[in-house]
Amino acid sequence: MKGKWALVTGATAGLGLAVAEGLAGAGANIALHDLVAPKQAADDLRARFGVEVVSAGADLAQREAIEAMMADLLARGGAIDILVNNAVVRHFSAIEQFPPDRWEQALAVNLSAPFHLIRLALPAMKQRGWGRIINMGSIYSSRAVEDRIDYVTTKTAILGMTRAVAIETARSGITCNTLCPGTLPTPAILNKIATIASNSGRPVDDVTKEYLGERQPTQRFVEMNAVAAMVVFLCGPAANDITAPACRSTAAGRSHESIRSVAMTEQSGQSVVLTGAAGGMGRAITKALLESGRRVVLVDRDAKALEELASTAGNAVFPIQLDISDGQAVDRLPDAIPAQFKPVEVLINNAGHDIGGRTRFDAGSADDWSNIIQTNLIGLMRVTRAILPGMVQRNNGHVVNISSINAVRIVPDMAAYSTSKAGVHMFTETLRGELAETAIRVTELQPGLTRTNIILTRYRGDRQKEKDYFDQFRMALEPADIARSIVFALDQPAHVQIAEMMILPVNRY
């Protein structure tokens, strides 16, 4: 980033200063903004990182002040190559008591100012064919919270602004992204916690733990340096093709730091138990769940593959090595799930195999077809029986069963597999009927031909047979296609239940 100029608003201290430090450390020249020019912070930054640093003071609630500041900065550096819209104001109050002047200020600083700054920075960015715009959102960009109408409204609108800018600049070398951090130790939050502690007569540490526990299971703040590192990443060459998504960053255990192409939904933060997590389909589902802001308990019998997957996903996942055909082990599953991943709100029964399948029934091994049914059907039912009581007790949850097109169509030489999946189909139908008077949703997915490891295991690791099998077909689904379909079903409003979804390649019927 050497030679590029980055403007960070609201940068006297806190997150803004952390972002400025991260960019300066990557070699960028820095324009530090705040209501009063942060000269001391600028001097410190210049001395520490050896880059050019200027300070700028401007009231972002005033368009004329924004225009004057930008004119001065553009004259000095020729362009603002990186724009980080970080400055924010907020007021804690119920809607009916919210001061109108505070509302107008929040709209001006939190929303109109980013618009004007982007409007004024874009011409020079386009002329140079390069630019990075990062708007600071929040976890409240996608969910509501009491007594913060100004913050929730403006941070939600920032997502729309980001998408609009990104689509207009998509072919210009400019990217525009939103970062949505979880709870940070900002002065406003620390003051709020201190007020609660004072009013209740409780220790600040206890109030902090309780306050964060309702939002982040780790009961600790998001580190500002972690958010700054994401800004640096989005400004680097690895992010050249990342534009428009919201990047959600919360304390470990709450969600995976991830790049997202869709807005967060009200189901964000759900805890999910996923079986067969370490296989091809399971990995794709895990990725999609993490990107949607959910936490995942990874269940698989392959300890090595499970450990490898968990090591790449951070603290938003928890691995449990388990063979779902082991009834006693399945019964202990709820006790193995840590508190930060409870309550379990979603169960995705994905585990299954066809080892020894694709043979005529009378020529196949009885042990093979028995093992297929034990895993694909009996194991699925056992896991459901272990997790479901908690959902029933809370009257909330979603069960997603992965069956197959084989559940409803005849495919010769696949008797055991088709029987197991037909069983899953009828089990799902029956379960949905039994739970009809509850708020629990039950979904069945019936994928067609999909490029997963199930074909390789069917032929006991013979890759030539796997290749020959797929070569018969012009097209197959990818695991990510199924994963997206699952997230679609999960993201529906609470009163909408996707009962059954058949997913086929376009050349199949």
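# Exercises: a helix face and three ring contacts

The buried residues of helix H3 are covered by elements that include strand E1 (5-8), strand E2 (29-34), strand E3 (53-57) and helix H4 (100-128). The model is predicted. Work through it in the exercises below.

## Exercise 1. The length of H3

Compare the span of H3 with the span expected at 1.5 Å a residue.

Solution.
1. Find the helix: H3 covers residues 63-77, which is 15 residues.
2. Take the span from the first C-alpha to the last: 21 Å.
3. Compare: the expected span is also given as 21 Å, and the two are close.

## Exercise 2. The two sides of H3

Find which residues of H3 are buried and how they are arranged around the axis of H3.

Solution.
1. List the buried residues: Ile66, Met69, Met70, Leu73 and Gly77.
2. Look down the axis of H3: these residues fall within an arc of 100°, so they line one face of the helix.
3. Recall the general rule: an α-helix has 3.6 residues a turn, so residues three or four places apart point the same way.
4. Check the other side of H3: Glu64 and Ala75 are exposed there.
5. Step past the end: just after H3, Gly78 has a positive phi of about 85°.

## Exercise 3. Tyr140 and Tyr151

The structure has three aromatic pairs. Classify the pair of Tyr140 and Tyr151.

Solution.
1. Use two values: an aromatic pair is described by the distance of the centres and the angle of the planes.
2. Read them: the ring centres of Tyr140 and Tyr151 are 6.4 Å apart, and the planes meet at 70°.
3. Classify: planes over 60 degrees apart count as edge-to-face, so the pair of Tyr140 and Tyr151 is edge-to-face.
4. Place the rings: Tyr140 is in the loop between strand E5 (131-136) and helix H5 (149-168), while Tyr151 is in helix H5, 11 residues apart.
5. Check burial: Tyr140 and Tyr151 are both buried.
6. Look over the ring face: Arg148 lies over Tyr151, 4.6 Å from the ring centre.

## Exercise 4. Phe318 and Phe341

Decide whether Phe318 and Phe341 are each buried, partly exposed or exposed, and describe their pair.

Solution.
1. Describe the pair: Phe318 and Phe341 are 6.1 Å apart centre to centre, with 45° between the planes, and the pair is tilted.
2. Place the rings: Phe318 is in strand E11 (residues 317-321) and Phe341 in the loop between helix H12 (333-336) and strand E12 (346-349), so the pair ties together parts 23 residues apart in sequence.
3. Classify Phe318: its relative accessibility is 28%, so it counts as partly exposed.
4. Classify Phe341: its relative accessibility is 2%, so it counts as buried.

Notes
Residues numbered from 1 in each chain as written. Predicted model: local features only at pLDDT ≥ 70, side-chain atom pairs only at ≥ 80, totals over all residues. Heavy atoms only, no water. Helix = DSSP H or I, 4+ residues; strand = E, 2+ residues; numbered from the N terminus. Expected span 1.5 Å × (residues − 1). Buried < 20%, exposed > 50% of the residue type's maximum accessible area, 1.4 Å probe, protein only. Arc of directions from axis to C-beta. Contact = heavy atoms within 4.5 Å. Phe/Tyr/Trp six-rings, centres within 6.5 Å; stacked < 30°, edge-to-face > 60°. Lys NZ or Arg CZ within 6 Å of the ring centre and 35° of its normal.
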